[in-house]
Amino acid sequence: ATPTVHLEAEPSALAFDPAATALVIIDMQRDFLEPGGFGESLGNDVSRLAAAIEPAASLLDAARRAGLLVIHTREGHRPDLSDAPPAKIARGAPSARIGDPGPMGRILIRGEPGHDIVPALRPLPGEPVIDKPGKGAFYATDLAGILSARRIDTLLVCGVTTEVCVHTTVREANDRGYRCVVIADACASYIPAFHEAGLAMIKAQGGIFGWVSQSAQAVSALG
Ligand code: C5J
């Protein structure tokens, strides 16, 4: 029989096959979580995101032990900025723009220290790392191919920020037919009200584009 994990979630519990389930950790990068990066350049208090690290680390550990496919994403651009839309670079009035030098290297540029995933969530060799130029993890990446090659039908999703890159990715994954469970305490936002509203939107209307659960529930379900 297919091994089945039963997960408590809202608006309803669900069951999944660990072999057909991936953990997707969105953009847990120094550029968003540490001072001197992209997030702070936009005027955000980056310390608000730290709360997601420990829950995400325990979820990552449980997912690895249960044999789930683990996928990490990173938002960032090529050093020559050829994949960075001018409209994205020009947006707002940041203290430093994408590509400008900063204390963690050039802002939101692949290969720079700020682009790295935080040490507590460092990918293991063999875990796919999706480098994405946009907010969603499907746009201009090979994520769809990786998921279909592994016959994945369910995603556990966490990371930052809840209402931006997590939401964009989950909305598109839902349209592509994946069941998405967002792990609430392993996500965070610079704007707490948006974190709460973002989670509420996902699970409203009978789970209009997904489910919401907690890291402790996912860890205990994964055994
Ligand atoms: C943002 C992200 N907020 N990873 N990126 O610009 O959510």
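The end C-alpha atoms of residues 21–208 sit 20 Å apart, and this span is 34% helix and 18% strand; helices here are DSSP runs of H or I with at least four residues, strands are E runs of at least two, and both are numbered from the N terminus. UniProt, in an unreviewed entry, gives residues 21–208 the feature "domain: Isochorismatase-like". The UniProt positions follow the numbering used here, feature names are shortened, and annotations may be inferred rather than shown by experiment. This is a predicted model, so to speak of local features takes a pLDDT of at least 70, side-chain atom pairs count only at pLDDT 80 or more, and totals for chains, interfaces and linings use all residues. Residue numbers run from 1 along each chain as its sequence is written.

On the whole-chain level, the protein chain holds eight helices and eight strands. Its C-alpha trace spans about 55 × 35 × 30 Å along the principal axes. The radius of gyration is 17 Å, in agreement with the value near 17 Å for a compact globule of 223 residues; it is taken over C-alpha atoms, and the globule rule is 2.2 Å times the number of residues to the power 0.38. Of the 223 residues, 45% count as buried, meaning 20 or more other C-beta atoms within 10 Å of the residue's own (exposed is 12 or fewer, partly exposed is in between, and C-beta atoms are placed from the backbone). Among contacts between residues at least 6 apart in sequence, 71% join residues at least 24 apart, a contact being two such C-beta atoms within 7 Å.

Strand β4 (residues 69–75) is mostly covered, with seven of its seven residues buried. Leu 69, Ile 71, Thr 73 and Glu 75 make up one side, and Val 70, His 72 and Arg 74 the other. β4 pairs in the parallel sense with β3 (residues 21–26) over five bridges, and with β5 (residues 129–132), also parallel, over four bridges; pairing takes at least two DSSP bridges. Ala 22 is bridged to Leu 69 of β4, while Glu 75 has Lys 132 of β5 as its bridge partner.

Glu 75 turns up again around the ligand, along with Asp 27, Phe 32, Lys 135, Val 160, Thr 161, Val 164 and Cys 165; the cut-off is a backbone-placed C-beta atom within 6 Å of the molecule. This shell splits into four nonpolar, one polar and three charged residues, where Ala, Val, Leu, Ile, Met, Phe, Trp, Tyr, Cys and Pro are nonpolar, Asp, Glu, Lys and Arg charged, and the others, Gly among them, polar.
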